[in-house]
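Reader: I have just opened this structure and would like to understand how its parts get their labels. Could you walk me through the reasoning?

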Amino acid sequence: MSIKISGTGSFIPKNIIKNDFFLDSEFYDKNGEPYPNSNKDIIEKFESITGIKERRYADKNHNTSDLATFASKQAIKDAGIDKEEIDYIIVAHNFGEIDHDTNQYIALPSVATLVKHKLEIKNDNCVAYDIIFGCPGWVEGIIQAKAFINSGMAKKCLVIGADTLSRTVDKNDRDSLIFADGAGASIIEESQEQGGILSHKTITKAGKEALYLFCKNSYHPKIKSKTKFIKMNGRKVYEFAISTIPAALKSCIEESGKSINDVKKIFLHQANEKLDEAVLKYFYKLYDRPIPENIMPISVDVLGNTSVATIPTLYDIVLKENFKGHQLKKGDIITVSYTHLRAHETEADLVCRLL
């Protein structure tokens, strides 16, 4: 028996926010000082570093659970299963439900419970829960689903990554340009075919790395509110990623029993285009070989960083839409790698054969 991703779905909001949207913003550094350069210069430098040209924001009347539900309906249909057969609904996110024009994290009910409610699943034995696992949450959710199926506790699981990060940002922080909203979902189930999920690896570093992503007051010097916003030390995150991801990916591939030559696509967390290119460079350097052409799909330039939703949405649109010329077919070996977490630095890697 193997365990596979049998269906996928995604929801990408239609509200396109281009970089010039931020031309009238007031940006301050961490000391509350305005930047000497113009917003035009700030935005141009931001785009050259991250590759991000635009991002998507959720509709005012849509919340994280709505985005997750829309993506889940697609995944259930794609897998061709009855929603009442789902044993577990696992939703990974950072901040849960956040109403428009607020940044208050609504912890009750859980997002997974709301998704089950909105899908109108009647089966009481379908267990719904959230994991606050940051960006690697969707991959970790798949790892948990695999464990449930291997143990005989489940046959079918719905794993979702969803976030509305646009509602958690400090509009006076340049890093607010990075974040966006979206959701991706997948059905995980057993299969009689050989392949599916071949290996996985998760690590957590919680030394000095624990302080690279955090929540803090607005950088605007006149805002005295105690409201906290998502913040990060971008340089430290970048250094962590390029020093850690390549070796972890290599280890995961070796554990799968496959060769680097077998890998058809590499899906990296869509946080920063230049960062992903650097990770790929260092990864292939470990094998002393050039980077294959068209090996890594990139969506951060048009969708922004949706954290836990970046990989499941990218995977879904590559599967279904021939996204930027990237295609997948049955039998292809792919690797998935996530890094970053708001509480500490965590990686989750996955090697799969498409069934």
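Author: Gladly; we will look at the cysteines and then at the nonpolar cores. Please keep in mind that this is a predicted model.

Reader: How do you know that cysteine 135 forms no disulfide?

Author: A disulfide needs two cysteine sulfur atoms within 2.5 Å. The closest cysteine sulfur to that of cysteine 135 belongs to cysteine 215, and the distance is 13 Å, so the pair is too far apart for a bond.

Reader: And what makes cysteine 157 unbonded?

Author: Its closest cysteine sulfur is in cysteine 126, 9.0 Å away, which is again too far for a bond. In total, the structure has zero disulfides.

Reader: Why is cysteine 157 called buried?

Author: Buried means under 20% relative accessible area. Cysteine 157 has 0%, so the word applies. Cysteine 135, at 8% relative accessibility, counts as buried too.

Reader: Which residues touch the most other members of the largest nonpolar core?

Author: They are Phe22, Phe179, Ile266, Leu268, Phe283 and Tyr284, in a core of 39 residues. Helices H1, H5 and H6 and strands E10 and E11 each supply at least two residues of this core. H5 gives the largest share, six residues.

Reader: What does leucine 268 touch, leaving out residues up to four places away in sequence?

Author: Contact means heavy atoms within 4.5 Å. On that basis leucine 268 touches Ile245, Leu249, Asp276, Val279, Met296, Ile311 and Ser337. Apart from the largest core lies another one of 32 residues, including Tyr88, Phe267, Leu314 and Val318.

Conventions. Residues are numbered from 1 along each chain as its sequence is written. This is a predicted model: local features need pLDDT of at least 70, side-chain atom pairs count only at pLDDT 80 or more; totals for chains, interfaces and linings use all residues. Side-chain values use heavy atoms; hydrogens and water are left out. A nonpolar core is a set of buried Ala, Val, Leu, Ile, Met, Phe, Trp, Tyr and Cys residues joined through side-chain atoms within 4.5 Å. Buried means under 20% relative accessible area, exposed over 50%, partly exposed in between (1.4 Å probe, protein chains only). Helices (H or I, at least four residues) and strands (E, at least two) are DSSP runs, numbered from the N terminus.
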